[in-house]
Amino acid sequence: MSTNIYYFYDYMFKAIQSEFLVPSDGSFSLASASTKSSSSFDDNKDYKKKLGKVVNDLQDLQKILYAFDKHSVLLIFQAMDAAGKDSTIRAVMSGINPAGCQVFSFKKPSASELDHDFLWRTNKNLPERGRIGIFNRSYYEEVLVVRVHPEILNFQNLPDEIDQKNIWQERFESIQDMEKHLARNGTIILKFWLNVSKEEQKNRFISRIDTQEKQWKWSSSDLRERGHWDEYMRAYEDALNATSKPWAPWYAIPADDKPYMRYTVAKIVKKSLESLELKYPNLGDEERGKLSDARKLLVDED
Ligand code: ATP
Ligand code: MG
């Protein structure tokens with residue numbers, strides 16, 4: 001038994017190091033999480049070139065993941081509005097074989113989803129072995145938006161006996177248990193909080209309102225949620241501290257510079273997949289024998 005505070009299995013995925021990794025000892029503070037990047041690209045060409053290289057490597061890694069067929073990869077994206085979840089997901093996944101990758105967006109739960117426990121709707125959409133699943137928002141909303149607006153609990157059909165004072169801690173435990181279970185069974189979980197500043201969100205909202213092609217993105221609820229900024233930040237800090245684990249790490253990514261944010265996320269995904277040291281399956285003697293029989297039959301046709 002390990003003397004660590006966590007009982008850690010050697011075979012489990014272990015987070016790769018990064019300046020953006022949220023520590024698993026509960027010491028993460030928002031004050032230490034920058035929204036600004038420390039470096040940037042020379043120009044758009046430089047960005048495209050560097051991102052292109054990482055995305056190419058990701059494509060190769062995904063092919064091996066698929067052939068290896070033992071691990072699945074779950075990428076979770078959480079952020080305030082206009083932080084750039086959609087464009088980051090697009091950038092990271094561009095060029096990846098669509099058969100090996102699927103994106104799910106989670107909005108307000110439907111009536112039938114509310115008739116189940118809060119992990120049900122996401123569990124139904126977990127990636128199969130060999131595949132990459134992306135959650136654009138996730139079960140973390142249950143300790144973020146629901147925590148900021150606890151009146152939502154009244155629509156969740158929960159038993160009356162549930163104590164609303166303990167509910168967030170209990171949900172953290174449910175999430176920890178579920179993620180540990182997934183990790184033990186071969187799922188690589190990487191969670192990204194795209195950390196945009198309040199000032200930059202304001203600029204992006206104004207740009208949405210001022211630009212005809214962006215106006216469709218605007219929703220009046222965006223402004224309402226912005227009014228709860230500080231409560232959201234507290235909820236994020238708590239959730240990240242409670243649930244960043246070596247086998248299911250959070251990364252707090254500076255999001256004020258979009259190209260840098262996308263590149264940083266892509267690099268973390270790439271390095272995490274590389275750390276698995278996946279290889280194309282090696283056939284045994286018997287299978288190799290069957291292959292040479294098949295080859296002979298093909299060559300001897302007609
Ligand atoms: P975009 O605005 O870029 O299209 P989005 O992810 O913000 O993407 P919206 O339809 O604007 O999508 O918002 C979805 C809303 O659903 C968010 O406000 C989110 O907090 C809310 N939501 C997601 N999951 C839950 C949940 N479990 N309970 C209550 N609200 C939720
Ligand atoms: Mg929105």
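Which elements cover the buried residues of helix 2? This tour of a predicted model reaches that point after a view of the whole chain and its sheet.

**The whole chain**

Begin with the entire protein chain in view. Its C-alpha trace spans about 75 × 55 × 40 Å along the principal axes. The secondary structure consists of 11 helices and five strands. Of the 302 residues, 30% are buried. Among contacts that join residues at least 6 apart in sequence, 83% link residues at least 24 apart.

**The sheet**

Next, select the five strands. They form an open sheet with parallel pairing, in the order 2-3-1-4-5. Strand 2 (101-105) and strand 5 (250-254) are the edge strands, each of which pairs on one side only. Neighbouring strands in this sheet are turned against each other by 20° on average, direction ignored.

Now restrict the selection to residues 187-195, which are strand 4, together with strand 5. These two strands pair in the parallel sense over five bridges. Within this pair, select Leu194; opposite this residue, in strand 5, stands Ile253.

**Helix 2 and its surroundings**

Move to residues 85-93, which make up helix 2. The buried residues here are Lys85, Thr88, Ile89, Ala91, Val92 and Met93. To answer the opening question, display the elements around them. The cover includes helix 1 (44-68) and helix 10 (258-274), and the strands that contribute to it include strand 1 (72-79), strand 2, strand 3 (132-136) and strand 4. After helix 2, select Gly95, which follows the helix and has a positive phi, near 85°.

**A residue of helix 10**

Helix 10, one of the elements that cover helix 2, is the next stop. Select Lys267, which lies in this helix. Is Lys267 buried or partly exposed? Lys267 is partly exposed, because 19 other C-beta atoms lie within 10 Å, whereas a buried residue has 20 or more. From Lys267, draw a distance to Gln212, which is 55 residues away along the chain; their C-alpha atoms are separated by 33 Å.

**Ligand 1**

Finally, select ligand 1 and the residues around it. Which residues come nearest to ligand 1? Of the 13 residues around the ligand, the nearest are Lys107, Lys108, Pro109, Glu141 and Val145. Colour the shell by residue character to see its composition: seven residues are charged, five are nonpolar and one is polar.

Technical notes
Residues numbered from 1 in each chain as written. Chains lettered and ligands numbered in written order. Predicted model: local features only at pLDDT ≥ 70, side-chain atom pairs only at ≥ 80, totals over all residues. Pairing = 2+ DSSP bridges. Helix = DSSP H or I, 4+ residues; strand = E, 2+ residues; numbered from the N terminus. Axes fitted to C-alpha atoms, helices over the stretch in contact; angles between N-to-C directions. Buried ≥ 20, exposed ≤ 12 C-beta atoms within 10 Å, placed from the backbone. Contact = placed C-beta atoms within 7 Å. Near = placed C-beta within 6 Å. Nonpolar A, V, L, I, M, F, W, Y, C, P; charged D, E, K, R; others polar.
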